[in-house]
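Thanks, everyone, for making the time this morning. I would like to walk through some charged pairs and then one sheet, so please bring the model up on your screens.

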Amino acid sequence: MRANLRNILLADPMSRWAYDAIHAWDFTTNEARWNRRRLQSIKDTPGWTFTRASAAYYTNAAGVMSNFASGVPRIGDVGLLVEPGATNILTYSQQMDNAAWTKTNATISANATTAPDGTTTADKLEEDSVNTTHYTSQIPSASGGATYIVSVYAKAAERSHFLLYDEGVGTFFNLANGTITSDYSAPLAKGIEPLTNGWYRCWIAVTSTGATGPQIMVCNAATTYSYTGTTGYGIYIWGAQTEIASYTIPTSYIPTTTASAARVYDSPTVASGLGGSYPLSLFCEFPMLHDINVTQHPFLVQASDYTESSLFLLGGGPGARVLYDTMIAGGATQAQTSVTGAIAVNTVVKGAARFQLDNTNIARAGILATNDTSCTAPATATQVTFGLAVGSATAVAPTLIRRAAIFNRALTDVELQRYST
């Protein structure tokens, strides 16, 4: 018996984190298990379907960008990326020498170095010798929405600091060490993401009026944006993007030329032979990508008959970032438990939840919530979805899922704690 168990563990790496799960998916290694049988890849899962009617970018753990063709799920070593649809309303997003970009006391050297996607398409923003500000900017013709997420890929050259500015607010970035120096005036949110070969993706979230656009401004010190320039000194830039959103981070890069361009939403679903009679339990491992607000509520893993469901979701007001389990039956929420304490941004979290008649609970990072002992179980689950809103084919906010599993039984409190650590 022990020898057989050892052989199973050696043959199936997923058993090390999802032992006894009837179905399991490791998106970081593109492996799956269905009815406790190991499969060759995620797409071999019975009933696996995926749609996205456009190409889309993915950034791996080494910071290397790659472009996935239309209809191909973005699965890689950081997990499965599921995003809502988005539109980049800037034009010529990686051709800043184009007249769509206004150069103020600055010039653009086109195709000056290798971009984050490996193509020689990154431009250089170069200051002139005038004692003033040095920047490039664009006011998009399309506008609307309450929030803009403004982002650009940047890399140090002779200068290593720059200001990203829009709608009267902005943030100073240090490209020498990949940090945020300070704010010109605080945006709604801000961030910097390291990529390969000295590149960083920098962004701010601003309240939009539709009257202004992003300015990418070279600095000669941490917060010095007006100075006597040295002709030819500057920074490398690529992939500018402005999108209208309710979340607080940019979605994956959407290249544009003469007009704005859209990326269609991701929709990954397993809809065959789930065998989801209750009780059942769910497991999910994911990175906390960003702060959230009451309109975002990213969804992680959902077992449902498409009307009634049990699921993981992230919810709460700004700064809350709480992992919930929710059980919906008869058109009403029957149970919803969570572990107190906000999840830190950029941390990987594990959660496990039990969904059972009068016995529903969740554990996060080994901490158990308070059990709900008065709840009705949903209709038998016939499908599982990843990153999608309840009863919908679209995501609410950008979501990465590393691993997920379904157990066709009620995990005990001790098991919930163990699987979540």
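R36 counts as partly exposed, since its relative accessibility comes to 45%, and I should say straight away that this value, like everything else I will mention, is computed from a predicted model. The partner to look at is D20, which is also partly exposed, with a relative accessible area of 24%. The side chains of R36 and D20 meet in a salt bridge, with 3.7 Å from N to O. Because R36 sits in the loop between β2 (31–34) and β3 (37–39), while D20 sits in the loop between α2 (15–18) and β1 (23–26), this pair ties together parts that are 16 residues apart in sequence.

Now, D20 also meets the side chain of R409 in a salt bridge, and here the N to O distance is 2.6 Å. This pair links distant parts of the chain, given that D20 is in the loop between α2 and β1 and R409 is in the loop between β36 (403–407) and α3 (413–419), 389 residues apart. R409 is partly exposed as well, its relative accessible area being 27%.

If you move to R403, you will find a salt bridge to D26, in which the closest N and O atoms are 3.1 Å apart. R403 belongs to strand β36 and D26 to strand β1, so the pair ties together parts that are 377 residues apart in sequence. Are R403 and D26 buried or exposed? Both of them are buried, which here means a relative accessible area under 20%.

How many salt bridges does the structure hold? The count is 17, and I will point to one further group, a network of salt bridges that links R52, R74, E83, R263 and D266.

Let me turn to the sheet. Six strands form an open sheet with antiparallel pairing, and their order is β11-β12-β23-β15-β20-β19. At its edges stand β11 (106–113) and β19 (189–194), each of which has a single partner strand, so one side of each is left without a neighbour in the sheet. On average, and with direction ignored, neighbouring strands of this sheet are turned by 30° against each other.

Finally, let us look at one edge in more detail: β11 pairs with strand β12 (residues 122–127) in the antiparallel sense, over five bridges. Within that region, T113 can be found opposite A122 in β12.

Methods. Residues are numbered from 1 along each chain as its sequence is written. This is a predicted model: local features need pLDDT of at least 70, side-chain atom pairs count only at pLDDT 80 or more; totals for chains, interfaces and linings use all residues. Side-chain values use heavy atoms; hydrogens and water are left out. A salt bridge is a side-chain nitrogen of Lys or Arg within 4 Å of a carboxyl oxygen of Asp or Glu. Helices (H or I, at least four residues) and strands (E, at least two) are DSSP runs, numbered from the N terminus. Buried means under 20% relative accessible area, exposed over 50%, partly exposed in between (1.4 Å probe, protein chains only). Two strands pair if DSSP finds at least two bridges between them. Axes are lines fitted to C-alpha atoms, for helices over the stretch in contact, and angles run from 0 to 180 degrees between N-to-C directions.
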